[in-house]
Amino acid sequence: MYYLALLVVAVISYLIGSLNSAIISVRLVKRQDIRDYGSHNAGLTNVYRTFGGISAAMTLIIDVLKGIVVVFGTRAVLFSSGLFSSDEHNVMTACMVASMFAVMGHCFPIFYGFKGGKGILIAAVCTICINPLASLLALIVFLIVFIATKYVSLSSITCCVAYPICYILADLIMLGELNIYTAIHAIIALAMGAFCFVRHMPNIQRLRNHTESKFTFRKRGDNK
């Protein structure tokens, strides 16, 4: 019964993740399709570079809400409701499964021909809600690479690789040991990172060709 309920929650999380915030916000604010502009990626960075702060802020808000709804909705439906006991089932594992499906939906949304964003932001929000220490470690990795290179994409790609390691380190720091749930959570984090990594393939190719754009606080065209 528990695993059937978790499967239902996972499917709903996937559908929530499939609601692409970049596409929604740009259509609401600019009446345009973000996939027709800039890097053609339906993600926060492209929204900011192409349409500026208002559209980017709305994109950020929607992604944050998606992550919050997925994690705390899973807790509420499966455990706070009394449907299942947290003594018998690991709450963090359930939330991570739901988050993994939400990231999958964001990267490969059923509503947009399975072509979505990169998944980094919603993965980060879910991780903050589930394991703040792991999210802090991932943020440190991101900032180190970003400050050194000014490439958002390279920083995000590095986080994808480091994501499961952050969960392992978080358990070592908080618990002083590793257990079976550490392995399960690391595997789920690896899957989440893999989804995001795959969506960064065009960026990887541009990085190899030295054509990837570095981050700037100015929109493209501001200096024209």
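This short talk walks through one predicted model, from a buried loop residue to the helices, cysteines and nonpolar cores.

Some ground rules. Residues are numbered from 1 along each chain as its sequence is written, and side-chain values use heavy atoms, with hydrogens and water left out. As the model is predicted, local features need pLDDT of at least 70 and side-chain atom pairs count only at pLDDT 80 or more, while totals for chains, interfaces and linings use all residues.

Let's start with Asn 20. Asn 20 sits in the loop between helix H1 (2–17) and helix H2 (21–30). Helices here are DSSP runs of H or I, at least four residues, numbered from the N terminus. Is Asn 20 buried or exposed? Buried, with a relative accessible area of 1%. Buried means under 20% relative accessible area, exposed over 50%, and partly exposed in between, with a 1.4 Å probe and protein chains only. The Asn 20 side chain reaches the backbone nitrogen of Ile 23 at 2.9 Å. Leaving out residues up to four places away in sequence, Asn 20 touches Ala 42, Lys 66, His 106, Tyr 112, Gly 116 and Gly 117. Contact means heavy atoms within 4.5 Å.

Next, helix H7. H7 covers residues 132–149, 18 residues in total. Its expected span at 1.5 Å a residue is 26 Å, and the end C-alpha atoms lie 25 Å apart, which agrees. That expectation is 1.5 Å times one less than the number of residues. Which residues of H7 are buried? Ala 134, Ser 135, Leu 137, Ala 138, Phe 142, Val 145, Phe 146 and Thr 149. Looking down the axis, these buried residues fall within an arc of 165°, so they line one face of the helix. The arc is taken from the directions from the helix axis to the C-beta atoms. The face turned away from the buried side carries exposed Pro 132, Ile 144, Ile 147 and Ala 148. Cover for the buried residues of H7 includes helix H6 (120–130) and helix H8 (152–175). After H7 comes Lys 150, with a positive phi near 65°.

On to H6. Its buried residues are Ile 122, Ala 123, Val 125, Cys 126, Thr 127, Cys 129 and Ile 130. Their cover includes helix H4 (53–80), helix H5 (91–107), H7, H8 and helix H9 (180–199).

Now the cysteines. How many disulfides does the structure hold? Zero. The cut-off is a pair of cysteine sulfur atoms within 2.5 Å. For Cys 95, the closest cysteine sulfur is in Cys 129, 9.0 Å away, too far for a bond. Cys 166 is in no disulfide either; the nearest cysteine sulfur, that of Cys 159, is 6.8 Å away. Cys 95 is buried at 0% relative accessible area, and Cys 166 is buried at 3%.

Last, the cores. A nonpolar core is a set of buried Ala, Val, Leu, Ile, Met, Phe, Trp, Tyr and Cys residues joined through side-chain atoms within 4.5 Å. The largest has 40 residues, and Tyr 2, Leu 78, Phe 79, Val 103, Tyr 167 and Met 192 touch the most other members. H1, H4, H5, H6, H7, H8 and H9 each supply at least two residues of this core. H5 gives the most, with 10 residues. Take Met 192: beyond four places in sequence, Met 192 touches Met 96, Ser 99, Met 100, Val 103, Ala 123 and Tyr 163. A second, separate core has nine residues, among them Ala 22, Val 47, Phe 51 and Tyr 112.

Conventions. Polar contact = N/O pair within 3.5 Å; in protein donor to acceptor, adjacent residues only side chain to side chain.
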